[in-house]
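User: I would like to learn how to read a protein model, one feature at a time. Please give the general idea and then the case at hand.

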Amino acid sequence: MANVVVVGAQWGDEGKGKIVDWLSEQADIVVRYQGGHNAGHTLVIDGVTYKLSLLPSGIVRGGKLSVIGNGVVIDPSALCDEIDRLASQGVKVSPEGLRIADNATLILPLHRELDAFRESGNSGTKIGTTKRGIGPAYEDKVGRRAIRVRDLAEPEALAPKIDRLLAHHNALRRGMGLDEVDGGALLALLTAIAPRILPYMDRVWETLDQARREGKRILFEGAQGALLDVDHGTYPYVTSSNTVAGQASTGSGLGPGAIGYVLGIVKAYTTRVGEGPFPSELFDETGRRIGERGREFGTVTGRARRCGWFDAVLVRQTIKTSGINGIALTKLDILDGFAEIKVCTGYRLDGEIIDYLPASESAQKRLEPVYETIPGWEGSTAGARSWAQLPAEAIKYVRRIEELIGAPVALLSTSPERDDTILVKNPFEA
């Protein structure tokens with residue numbers, strides 16, 4: 001049995017929620033290993049819609065252990081709000097079903113304020129963040145001044161750690177013309193919320209290692225997409241964490257040898273939220289049609305997503321940087337009824353044809369897509385649960401994508417409903 005990592009192979013919003021939910025039924029443990037509440041997953045189970053941001057998708061299924069790993073940055077207020085929202089939908093979240101890494105970094109109000117000030121300012125590069133404090137929290141983590149979950153359990157040592165943090169932030173805020181943060185007020189806030197967070201605290205690395213030794217199935221749930229990776233994405237228009245599959249190990253404390261299969265989630269077209277390069281973006285009626293049919297609005301922000309044709313160059317590259325073994329192709333049904341469909345197979349950069357995404361920001365902005373045109377199909381793929389139910393041209397489109405990206409389709413999703421899935425290879429049994 002293979003422990004499975006699920007990673008978005010584009011810019012996020014590929015439909016990971018449904019696939020993770022589909023896989024979580026077979027898993028014993030579901031682990032979030034990076035990001036924060038800037039990423040959202042939407043699950044539709046028995047007609048009920050659940051919107052998750054911090055909590056792993058396994059939380060809505062009884063008998064599963066959900067884990068928030070050390071690679072996640074946690075806004076304690078947002079976490080409590082999410083737990084309360086699920087409770088109102090009849091989902092009980094208890095320490096028996098949820099564990100939080102004691103060495104995970106906390107997002108504080110000052111992080112949200114700094115994020116919003118930077119993103120709303122007139123100077124510098126606008127990244128298109130969600131203004132939820134994710135980036136500033138990661139900055140404090142690598143700057144070795146962060147407040148972590150474990151610190152909530154040691155109130156006598158918390159005050160000097162807050163002083164150390166504010167020595168940096170208040171100097172920064174003075175330079176920006178912002179009021180300084182009151183250390184006493186921040187201490188009171190953290191002291192008040194600690195009793196709600198601490199019951200979930202755990203040595204996650206030890207819990208996961210024991211589970212591995214017992215032969216339990218572990219599902220690692222990625223947020224966002226590999227093209228938003230701080231190293232391998234379209235820098236600087238990226239998130240503040242590593243989103244490629246290797247982070248599953250670093251962000252959970254379980255060694256890479258425990259990972260058996262990497263499943264990349266790939267949308268049948270391409271979308272992006274926020275700023276940054278997008279070579280195959282469509283600005284015409286076709287792009288609007290894809291966006292409307294696909295209901296392309298962010299789970300967390302509600303922002304409309306930019307839409308374009310499938311970019312095989314980008315996915316082929318993320319197949320390599322994440323070590324993806326197979327893909328789950330989603331939203332094929334959104335392309336139903338198009339007379340023809342285009343696929344980006346390369347880029348033209350200053351007159352030269354290339355087959356990779358250059359690391360240079362300026363070069364990324366100059367990329368021109370090179371397209372291959374593929375016949376569309378008239379029939380419907382919506383709700384199909386076998387290859388026999390798909391139009392012949394739709395099957396040809398799927399096979400051509402496999403050829404272009406260099407990875408096989410393991411699952412094919414044909415609607416948001418979890419059962420509308422064609423299984424080719426079960427990642428847990430690969």
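User: Where should reading begin, and what share of the residues counts as buried?

Analyst: Begin with the whole chain, and keep in mind that this is a predicted model. Of its 430 residues, 57% count as buried. Buried here means under 20% relative accessible area.

User: How many helices and strands does the protein have?

Analyst: The secondary structure consists of twelve helices and 20 strands.

User: What does the radius of gyration say about the overall shape?

Analyst: The idea is to set the value beside that of a compact globule with as many residues. For 430 residues such a globule would have a radius of gyration near 22 Å, and the protein has 22 Å, so the two agree. The C-alpha trace spans about 65 × 50 × 40 Å along its principal axes.

User: What share of the contacts joins residues at least 24 apart in sequence?

Analyst: The count takes contacts between residues at least 6 apart, and 76% of these join residues at least 24 apart.

User: How should the surface and the charges be read, and how far apart are the mean positions of the positive and negative charges?

Analyst: Take the surface, then the charges. The accessible surface comes to about 17,300 Å², and carbon and sulfur atoms account for 48% of it. There are 51 positive and 55 negative charges, and their mean positions are 1 Å apart.

User: Now a single residue. Is serine 57 buried or exposed?

Analyst: Compare its relative accessibility with the cut-off for buried, which is under 20%. Serine 57 has 0%, so it counts as buried. Serine 57 sits in the loop between β4 (48-52) and β5 (65-68).

User: Which residues does serine 57 touch?

Analyst: Setting aside residues up to four places away in sequence, serine 57 touches Gly17, Val20, Val30, His41, Leu43, Leu52 and Glu221. With glutamate 221 there is also a polar contact between the two side chains, at 2.8 Å.

User: How does separation in sequence compare with distance in space for serine 57 and proline 109, and for threonine 191 and leucine 152?

Analyst: Read the two values side by side for each pair. Serine 57 and proline 109 are 52 residues apart in sequence, and their C-alpha atoms are 26 Å apart. Threonine 191 and leucine 152 are 39 residues apart in sequence, with 7.0 Å from C-alpha to C-alpha. Threonine 191 belongs to helix α6 (residues 183-197) and is partly exposed, with a relative accessible area of 44%.

User: What is in contact with glutamine 364?

Analyst: Glutamine 364 lies in helix α11 (residues 361-365) and is buried, at 4% relative accessible area. Beyond its neighbours within four places, its contacts include Gly233, Thr234, Tyr235 and Pro277.

User: What should one look for in the backbone?

Analyst: Look for exceptions: most residues other than glycine have a negative phi, and most peptide bonds are trans. Here a cis peptide bond joins tyrosine 235 and proline 236, with omega about 10°. Proline 236 is in the loop between β10 (218-221) and α8 (247-250).

User: Where do aspartate 13 and arginine 144 lie?

Analyst: Aspartate 13 is in the loop between β1 (4-8) and α1 (16-24). Although not a glycine, aspartate 13 has a positive phi of about 60°, and at 25% relative accessibility it is partly exposed. Arginine 144 is in the loop between α4 (134-142) and α5 (155-176). Phi of arginine 144 is positive, near 65°, and this residue is exposed, with a relative accessible area of 72%.

Methods
Residues are numbered from 1 along each chain as its sequence is written. This is a predicted model: local features need pLDDT of at least 70, side-chain atom pairs count only at pLDDT 80 or more; totals for chains, interfaces and linings use all residues. Side-chain values use heavy atoms; hydrogens and water are left out. Helices (H or I, at least four residues) and strands (E, at least two) are DSSP runs, numbered from the N terminus. The radius of gyration is taken over C-alpha atoms; the globule rule is 2.2 Å times the number of residues to the power 0.38. Buried means under 20% relative accessible area, exposed over 50%, partly exposed in between (1.4 Å probe, protein chains only). Contact means heavy atoms within 4.5 Å. Accessible areas come from the Shrake-Rupley method with a 1.4 Å probe; for residues, only the protein chains shown count as cover. Lys and Arg count as positive and Asp and Glu as negative; His and the chain ends are not counted. The place of a charge is taken as NZ of Lys, CZ of Arg, CG of Asp or CD of Glu. A polar contact is a pair of N or O atoms within 3.5 Å; within protein, one must be able to donate a hydrogen and the other to accept it, and residues adjacent in sequence count only if both atoms are side-chain atoms.
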